[in-house]
Structure formats: C-alpha cells, structure tokens
Amino acid sequence: MSEEPVIRITEPAPFVRLVTMNRPGALNALSGELLGALAQALDGWRHDEAVRAVVLTGGERAFAAGADIKEFPLQTPATQILEERAALFDAIGRFPKPLIAAVNGYALGGGCEVAMACDIIIAGETARFGQPEVNLGIIPGAGGTQRLPRTVGKSLAMLMCLAAEPIDAKRALSAGLVAEVTPKELTVERALAIAKAIVARPPLAVRVAKDLILRSYDTPLDAGLKLERRSNAALFGTEDKQEGVAAFIEKRPGNFKGR
Amino acid sequence: MRHQTIHVADANGVRTLTLDRPERLNALSHTLVRELTEAVKAAGRDASVRCLLLTGAGRGFCAGADLGEGGMRENDPARQGERIARDMDRLHNPLVRALAQLEKPTLAAVNGPAAGGGMSLALACDIVIAARSAYFVQVFGPQLGLVPDMGSSWFLPRVAGRARALGLALTGERLSAEQAAQWGLIWRCVEDAQLLPEATSLAGKLAAGPTRGLGYLKRALEAGELNDLDAQLNLERDLQSVASRTADFTEGVNAFNEKRRPVFKGR
C-alpha cells in the first residue's frame, strides 16, 4: 500500500521551501509522525545555504486541527515528562531562518501553537484560531499559555484558553496574532511572495533581525538595545553590507551571498 | 435525503428549495430550520448546483418563527432568554450564515407573506422577486417587543435606508411587493401567475453563468459593506487575481474575441 507522505516539500522559488502538512482525512492532526517529519525537515535546513525561508501550510479546511487525540490514550505523565513531543515543537521554535505560516481553516490547539511558533502568520479569511485543550482536562502544551498572551494580550488569551473560544481571522488580525488576512485562495501565494521578498535580502541581516525580535520578549529593553547595537556593528563588517550599500547607490537590486 | 418540511428539486443547474409547511404558512419550525440549513450547505458542496432558488409552498412564503412550537416554553424569563439565544446560535444564525456565505447566486421567489424571520430569509438572498399579492412585514418590534433577527436588523437598513428601515421595523406596517420593488428592497415585483416562470427563467440564466466568478463577486460586494476604499481596492485586486484564473474567464474572453455567446461551465 502506497501511503501519502504526511508532509509534502516543494521548492516554489530559489531558496524557498514550501512545506504542506498533508493528513487531510484527519484535518491535519499533529501526529507524532507528522511533527517528526516537520522537525526533521527544519533541522536539515538549519545549515543548508540553499534554504533561506520556509512557508508552512496545511489544507483548505485545516491548517492543523490540534494534536492527534487518537494518540492520547497512549500518553502518560512519563511520556510527557520525557518531552519527546516537546522536542519536536522546539525544532520549529528554534529554526533560525524566517518561517511563515499560511493558515486556512482550523488552527486549533497544537495547530495554533505551530502557527505561533512561526515568525509571520498570513491567514485566509476563513481561518480560525483556538486553544480548546481545556475541554480535554489539559492545557495548551506547546506555547499556547506563553506565546498567545505575548501576542494578543492577557484578556483574549484567557478567553481562548479558559473558555476554549476560538477567534476568526478578522479578530486575529485586530489582535495582532496574524500579519494579514487574504482571500483563502491566495494565502499560500501571499506567504510565498513574502518569502521571496525575504530571500532576496541579505541572509545574515535577516537572521540577526529575527533573532533579536524573538529575544525582545525575554530581554530587558536596555540589554536588548545594547545587543541590537552590537549586532548591527557586526553586520557592518559583512560583504553583504558592502553590496547592499553599493546596490542602493547604483540603484540596482543587491546580489547577496550571506557573507 | 428525505425531508419533512422542505421540498428539494433540481433542474438545469438550479436547485429549488421549497418551504413545505403550507398549513403553517411555512413557519420556521426547528426541523424546518435544520433541514433548510443542511440543504443550503449541501447545495454549496454540490458542483452541479449553480444557482439556489428559495420559495414557499401554498399561499405564504414564510411566516417567520413558529411561535406555536417554541415561543414560551419556559416560565422563568431568564431561562426563556437563554433558550432563545441558544436556539439562535444553534439553528437560526447558522441558516442565515450558510445562505449569506453561499458562493453561488441565490434567488428568493416570494409567493406570499414574508413575515419576521421570513422577511429576513428573503433579504438574505441575492435577488428577490415577489408576486404582486405578496407583502413583507417586520413583526418583531411592534407586535412582540423583540429585535429584528435572522439578519433583518443588518439587511434592512442596507437595502431600505435608515428612514424606511426604522419606519418598517417600528410600525410593523405591511410593505406591498410593489412598494418594496419601488423602494429598492427587492429586485422585481411580478404578477402572481408570472412569479414562478420569471423566477425559474432568471435562475436558469444565473445557473448558466460563470459560477465561481459570481461567487467572488458576491464576496467583493459583501466585504465592501465594511471596508474602506483602500482595503476594498486591495480586495478587488486579490479576488480578480483569483477570478481571472478560472476556465470560465478564459471562455468569456475567447467568446468576446470570437464574437459568440460564452458557454460557461462553472469552473
């Protein structure tokens, strides 16, 4: 029996990878197999210079509708403490290159958390975000109680996590959870356009900016500003900075090498 | 699927849903609302359906909520209020959403009185044709002390303007089909005997149209109610980008260049 792979990987443009979660029958429930395949792909691209940005998407009905609850009867405190599953989520959070989520349909539970672990979220107009774990007697286990309030604020995060109320794309946009809302037919296309815009820019500067923005959440402002200045000083010594300045003066697109 | 309260028929890409409780002027019983919602959703999923036509059996179009069925089952006012809100969340609002979100043309052939939620149902359709003897009436406020629901408080000011919307909602005066057409609430008023022939003919034309493009068109107009010009121009760009990839757009351009009538497939 030939089975469809749980993720599909394509290269829609140079330096860009598109990862499509592909368990349509299960609304892309995040099985261990799916998360494992995703983590493996991302880890493989950490040091691969041919990859500068990744777009992650699901299907039309669901980005990812949470954990695979069919696997829950096998889960015990021990398996949770061993954190095998958490390690897979961490692979997304620690991926050093730009990661863009193109979300259509449900992004619930782990699906919402995967989207939040990405750097930019583009939502189709039918997208819905929620953390309904409390319905099962548990809580969001991969950043829902931590990343969500940092993004949408305490009150809305509480509503989503305590009352299990999902929010639609429009609300997600006004709360700052997503960067843009597009017609559902164009979500992936818009995410890819952003990825292409990013990979045309100097990879080191992009990577340092991403790192600093993520650090801003747990760095005091004074230290963050200092780190920003030092990082910028380091970038002033790169070949790409020379090229960027020359290209600007000569009014041509830059040709960046990541050096 | 067998239905108790509606009748479903297909012809030439048109799916006709007939509210079929003539003894109750097609009042919206819970069963009817459930069956109608399912039928509207099923029409959305079925690619062979390219236009939805909604009408009523007997002498009425739809008398709105069936007060005989579930109006006052609770003695405690608070519980009564909670129950009505829950019913609206579970039953009535999903119907209006399903109808409003259908990405295919929807047509109401209003054959008789459209009262309360029945008027809302008609206004939720894209095009309304009414028989001369039909009328519209907002019973919610003046007769019951309720708020116009099933979208009436949203649709009515948009189609009638504030003055006429408030006049209709506060007085509960009957609005004749002819007056409704003159005021621009509906598309057209026709002689009673002409209602079904006219509606069927128009539905057939819509069903032969570029269905996906018509769906995007509906989305654009609906979003325009809320967008500012700048956001709407961006949305037009996005939806045009999608619409211009359809096979029907290619056919439309080819037919124009070849000076012939386009043959659309709804793809």
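Biologist: What does Gly172(B) do just after helix H7(B)?

Modeller: Just after H7(B), Gly172(B) takes a positive phi of about 70 degrees. Keep in mind that this is a predicted model.

Biologist: How should I read the helix itself? Which residues of H7(B) are buried?

Modeller: The general idea comes first. An α-helix has 3.6 residues a turn, so residues three or four places apart point the same way. In this structure, helix H7 of chain B runs over residues 162-171, and Ala165(B), Leu168(B) and Ala169(B) in it are buried. These buried residues cover an arc of only 95 degrees around the axis, which puts them on the same side of H7(B).

Biologist: Which exposed residues does the face turned away from that buried side carry?

Modeller: That face of H7(B) carries Ala163(B), Leu170(B) and Thr171(B), which are exposed.

Biologist: And what covers the buried residues of H7(B)?

Modeller: The cover includes helix H5 (140-144), helix H6 (152-160) and strand E8 (175-176), which belong to chain B.

Biologist: Which residues other than glycine have a positive phi in chain A?

Modeller: Two cases are Phe15(A), with a positive phi of about 75 degrees, and Lys251(A), with about 55 degrees. Phe15(A) sits in the loop between strand E1 (7-13) and strand E2 (16-21) of chain A. Lys251(A) lies in the segment after helix H11 (239-249) of chain A.

Biologist: Are these two residues buried or exposed?

Modeller: Count the C-beta atoms around each. Phe15(A) has 20 other C-beta atoms within 10 Å, so it is buried. Lys251(A) has 6 within that distance, so it is exposed.

Biologist: How do I read a sheet? In what order do the four strands of the open sheet in chain A stand?

Modeller: Strands of a sheet pair through backbone hydrogen bonds, either parallel or antiparallel. In chain A the order is E4-E6-E8-E9, and the pairing is mixed. Strand E4 (62-65) and strand E9 (167-168) of chain A stand at the edges, each with a single partner strand, so one side of each has no neighbour in the sheet.

Biologist: In which sense do E8(A) and E9(A) pair?

Modeller: Strand E8 of chain A, residues 128-130, pairs with E9(A) in the antiparallel sense over two bridges. Phe129(A) stands opposite Ile167(A) of E9(A).

Biologist: Now a single residue in a strand. Where is Leu53(B) found, and which residues is it in contact with?

Modeller: Leu53(B) is in strand E3 of chain B, residues 51-56. With 28 other C-beta atoms within 10 Å, Leu53(B) is buried. Leaving aside neighbours within four places in sequence, its contacts are Val14(B), Thr16(B), Leu107(B), Ala109(B), Ala199(B) and Ala203(B).

Biologist: What does the whole of chain B look like, in numbers?

Modeller: Its secondary structure comes to twelve helices and nine strands. The radius of gyration of chain B is 19 Å, close to the 18 Å that the globule rule gives for 267 residues, so chain B is as compact as a globular protein of that length. Buried residues make up 41% of those 267. Of the contacts in chain B with a separation of 6 or more, 71% join residues 24 or more positions apart.

Biologist: How many residues does each chain give to the contact between chain A and chain B?

Modeller: Four residues come from chain B and four from chain A. On the chain B side, two are nonpolar, one is polar and one is charged.

Biologist: How confident is the predictor?

Modeller: Where pLDDT is low, the predicted coordinates should not be read in detail. Chain B averages a pLDDT of 95, and 98% of its residues score at least 70. For the complex, the predictor gives an ipTM of 0.78 and a pTM of 0.86.

Definitions and conventions. Residues are numbered from 1 along each chain as its sequence is written. Chains are lettered from A and ligands numbered from 1 in the order in which they are written. This is a predicted model: local features need pLDDT of at least 70, side-chain atom pairs count only at pLDDT 80 or more; totals for chains, interfaces and linings use all residues. Two strands pair if DSSP finds at least two bridges between them. The radius of gyration is taken over C-alpha atoms; the globule rule is 2.2 Å times the number of residues to the power 0.38. A residue is buried if 20 or more other C-beta atoms lie within 10 Å of its own, exposed if 12 or fewer, and partly exposed in between; C-beta atoms are placed from the backbone. Two residues are in contact if their C-beta atoms, placed from the backbone, lie within 7 Å. Ala, Val, Leu, Ile, Met, Phe, Trp, Tyr, Cys and Pro count as nonpolar, Asp, Glu, Lys and Arg as charged, and the others, Gly among them, as polar. pLDDT is the predictor's confidence in each residue, from 0 to 100. The arc is that of the directions from the helix axis to the C-beta atoms.
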